[in-house]
Each structure stands twice: as C-alpha cells, then as structure tokens.
Amino acid sequence: MTILRDLSIYWSMLHVIFLFLMLFRSRYTKKTTILIAGIGMGILMVLNGLILVWSGFEALSKLFLFTCSIPSFVFLYILSADKRFKYLLTFCLADTTCLWVMAVTNLLDYYLGGGQYILIFISRLIAFPLIEYCIWRFLRKPYLELQAAVEKGWGVFAGMTLLYYLLLVVVVQFPVNIVERPEDTFLCILVLLLMFFNYATIFSSLYRQLLLYRKQQSERILQEQKNTLEARLESQQRIRKMKHDMKGHAVTLSGLLAAGNTKEAMEYLEQVKTEMETLSGQFCPNPYINAVLVQYEQKFRKLQAEYRLDIQIGDEELPYMALCQILSNGLENACEAMEKLGQERRRVSVQMKYSRDYLLIRIRNSCPEGVQVKKGELPSTDKQGNEHGFGLATIQEAARKLDGGMLCYLEEGSFVLDVMLRVKGQEKNRDKERGEEE
C-alpha cells in the first residue's frame with residue numbers, strides 16, 4: 001500500500017505549486033508563468049520521485065528541504081515580482097500550509113487508519129482542493145491587494161512563517177518521522193495547533209492593514225474631489241468678477257478710442273487680456289486637471305514659490321480621476337517641501353506631454369538638503385501618524401492601474417517625480433492580455 005503514500009506525496013507537491021501561484025504576483029503573464037512554473041517544478045518532482053524510488057521515503061523526508069524546498073525557493077524567486085520579505089512570506093505560507101496538511105493527515109492515518117495509507121491518500125485528496133478553494137474565495141484577492149499597496153512591515157510576518165516552517169520540518173521529520181516517535185506526538189500536536197492560531201493572527205493583522213489602507217485611500221480620494229470642486233467654484237467666482245469688471249474696462253476703452261488714443265487703448269486692452277488669463281486660471285483645456293493646477297497655483301503663490309507649467313495636452317478624454325490623484329499627491333509633496341525652504345529656493349515645475357501611447361508627467365521641485373532617495377525606491381517619510389506616508393504609494397498604484405510606472409530621484413538639488421501612463425490603445429492592450437491569459 002506504499003503506492004498510496006507515494007501518490008499522496010506527489011499530490012501534495014503539486015498543490016504546493018498551486019497554492020503559491022494563487023498568492024504571488026508574477027513578473028510575467030499568466031500563461032508564461034504557468035508554463036515556466038510547470039516545467040521547472042515538474043523537473044523537481046521527477047528528481048524527488050527518483051530519490052523516493054532509489055532511497056525510500058525516510059531518505060527523501062530528510063533530504064526534502066535540500067532537494068525540493070530550497071531549489072523551488074530560488075526558482076520561484078526568479079518568477080516573482082515581489083522580492084525580499086514579501087516573497088519570503090508568500091513562499092513560506094504556501095509551503096507550511098502544505099506541510100501542515102501532510103503532518104495532520106499522517107497522524108490521522110497512523111492513529112485512525114492503522115498506518116495502511118488509505119486514510120492518508122483520501123484525506124489529502126480532499127483537503128488540498130478544499131484549502132485552495134477557501135484561499136481563492138476569501139484570501140487571494142485581499143492578499144494580492146495588500147502586496148500591491150503596502151511596502152513596509154512584512155519582515156516580522158515573514159520571519160514568523162520561516163521559523164514555523166523550520167520548526168514544523170524538525171518536529172515532524174527529525175530524527176525520524178513523527179509516527180515512529182510516539183512520545184513526541186503530543187508536542188507535535190501542540191505545534192500544529194499553535195501554528196494554526198498564529199497564522200490566523202497573521203492573516204487578521206494583514207487584513208486590518210488592508211482595511212486601514214482602503215480607508216486612507218477613500219479619504220484621500222474624497223479630499224481630492226472636494227479640492228477639485230472648490231477650485232472649480234472659485235474659478236466660476238473669478239469669471240463672474242471678470243464679467244462685472246468688463247463694464248468698467250469697456251467705459252475706459254470707449255473713452256480712449258473717442259479721444260483718438262488708439263495706442264493707449266491697445267496697451268490697455270493687452271493689460272485686460274493678461275488680467276483675464278490670470279483670473280481665469282486657464283492652465284490646461286482639461287477642466288479637471290486645470291482645477292488641480294489652479295488650486296496648487298494659489299498655494300505656491302502664497303508661499304511665493306516659482307511655479308512653471310508646460311502642459312502639452314488638450315481637452316481629449318483622459319483618465320482624469322487617476323491623473324488628479326497623481327498631480328494632487330505630487331504637488332502636495334512639493335508644497336510641503338517648499339515650506340521647509342527659504343523663499344529664494346522655492347521652485348516647482350510641472351510637465352505633461354505625450355510620447356506615442358503614453359502620457360509623461362514630471363514634477364520637479366527644490367528639496368531640503370540631506371534628503372536621500374535611492375533611484376527606483378520609494379523614499380521613506382519622516383512624518384508621524386498613520387495618515388502620512390501614502391502619497392507616493394498612491395501615485396505608484398494609480399500608475400500601475402494604467403499600465404504605467406513611477407520613478408523618483410534627486411537631480412541637481414531637486415526632487416524629480418516621473419510618471420508614465422498608458423492613455424491610448426487601452427482596449428487593444430486589454431484584448432491582447434486576455435488572449436495571452438486564455
């Protein structure tokens with residue numbers, strides 16, 4: 001009946017891959033990821049099968065860490081978009097979940113099934129699909145969202161899962177399998193129960209982080225909408241003021257023209273035109289983006305900062321919600337930097353232009369001395385409280401949703417934020433991705 005045990009081991013190894021693929025974010029398309037993972041892990045399964053046939057179950061159980069766990073860790077690390085602690089946590093979650101199921105079913109078979117491997121085969125056959133359904137139904141979506149949203153705080157959880165993984169391997173397999181050490185059975189059961197409740201604690205903590213992040217995102221979006229509406233209302237008030245002032249301007253121009261002072265009338269008309277442009281705050285034909293630019297133009301004017309704009313877009317349809325999020329967060333960071341500088345150093349510039357199917361946004365502002373930014377990484381915040389530190393993360397997430405990216409770095413004493421967004425050919429790109437996934 002050992003054939004049932006061996007088949008259950010292969011079944012378990014196969015589902016380790018399924019669990020990991022459900023929880024990790026790949027660098028490649030879904031189709032490519034499944035193909036590469038299938039080939040690589042298939043080779044590992046064949047090698048471990050040969051060891052099982054030649055050396056037996058006991059030898060494989062002692063070498064499993066080196067013949068499967070470590071090679072699969074390295075192999076899947078190459079496929080993963082997340083590195084360091086995020087990846088370590090995901091890998092250990094998948095591995096320890098499978099080891100936990102294998103340990104529990106092993107004990108059940110030994111004490112309830114008479115060690116004939118019938119119960120171990122049937123229980124694993126049912127347990128793994130059931131666990132995968134629960135993970136897919138309840139855990140996968142929030143866990144992937146959390147990986148995309150939260151950059152820090154993964155180290156403690158990853159360390160806990162790694163220690164439990166090593167503890168479980170040692171308790172179950174060393175010096176021999178747990179079923180051959182009846183005196184350690186109670187200890188093994190306590191470890192299994194402790195790991196179950198500890199993982200429940202980890203998941204609940206991660207979920208609370210996700211709820212906090214969602215709340216902060218909602219508050220930010222509502223605040224941005226409020227700021228946009230206030231800016232548009234103020235713009236309307238300025239337009240009404242211009243209409244009222246036009247009566248006085250018309251009287252002045254009529255008097256100059258009646259007196260034959262054409263040159264003076266033209267100069268006066270130029271001054272009126274300049275004043276109208278200033279009052280209307282028309283920096284961009286897109287009303288939503290213009291409202292954000294007007295709002296921060298007022299803030300920078302109060303700070304007496306130099307504010308330069310190079311907006312090369314029209315009134316075409318754009319994902320204005322994401323663009324307003326990006327501009328609001330980027331300019332808010334610039335505004336906070338200006339407050340820390342002397343008036344003579346306060347400079348901010350915004351550029352928006354197209355490059356083929358992409359919209360490029362660059363926000364450059366002077367920054368205090370001593371600021372450290374590693375290119376390609378989010379700079380850490382020195383603000384205190386839960387409400388701070390999400391500005392650049394919000395920009396990064398908004399860019400990713402539009403098949404773009406974000407980069408921030410220092411250049412000649414200025415902080416530079418570059419954002420690239422795909423704004424053209426979206427439907428064609430989505431159809432292509434759906435075809436690849438199918």
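This passage walks through a five-stranded sheet and the helices around it in a predicted model.

The structure is a predicted model, in which local features need pLDDT of at least 70 and side-chain atom pairs count only at pLDDT 80 or more, while totals for chains, interfaces and linings use all residues. Residues are numbered from 1 along each chain as its sequence is written, and side-chain values use heavy atoms, with hydrogens and water left out.

A good place to begin is the sheet. Five strands form an open sheet with mixed pairing, in the order β1-β2-β3-β5-β4. Helices (H or I, at least four residues) and strands (E, at least two) are DSSP runs, numbered from the N terminus, and two strands pair if DSSP finds at least two bridges between them. At the edges stand β1 and β4 (405-411), each with a single partner strand, so one side of each is left without a neighbour in the sheet. On average, neighbouring strands of this sheet are turned by 10° against each other, direction ignored. Axes here are lines fitted to C-alpha atoms, for helices over the stretch in contact, and angles run from 0 to 180 degrees between N-to-C directions.

Two helices pack on this sheet, with contact meaning heavy atoms within 4.5 Å. Helix α9 (residues 287-302) touches β1 and β2, and its direction makes about 165° with that of β1. Helix α10 touches β1, β2, β3 and β5 (414-422), and the direction of α10 makes about 10° with that of β3.

The pairings of β2 can now be followed one by one. Strand β1 (residues 306-311) runs parallel to strand β2 (residues 347-355), and six bridges join them. Within this pair, E306 has R347 in β2 as its bridge partner, and I311 stands opposite M352. Together with helix α10 (residues 320-339), β1 and β2 make a left-handed β-α-β unit; a crossover is right-handed if, with the strands pointing away from the viewer, the path from the first strand over the helix to the second runs clockwise. Strand β3 (residues 358-366) runs antiparallel to β2, with eight bridges between them, and V350 stands opposite I363 in β3. The hairpin of β2 and β3 has two residues between the strands, and R356 takes a positive phi near 60° there.

Finally, Q225 is found in helix α7 (residues 185-258). The C-alpha atoms of Q225 and Q325 are separated by 9.3 Å, although the two are 100 residues apart along the chain.
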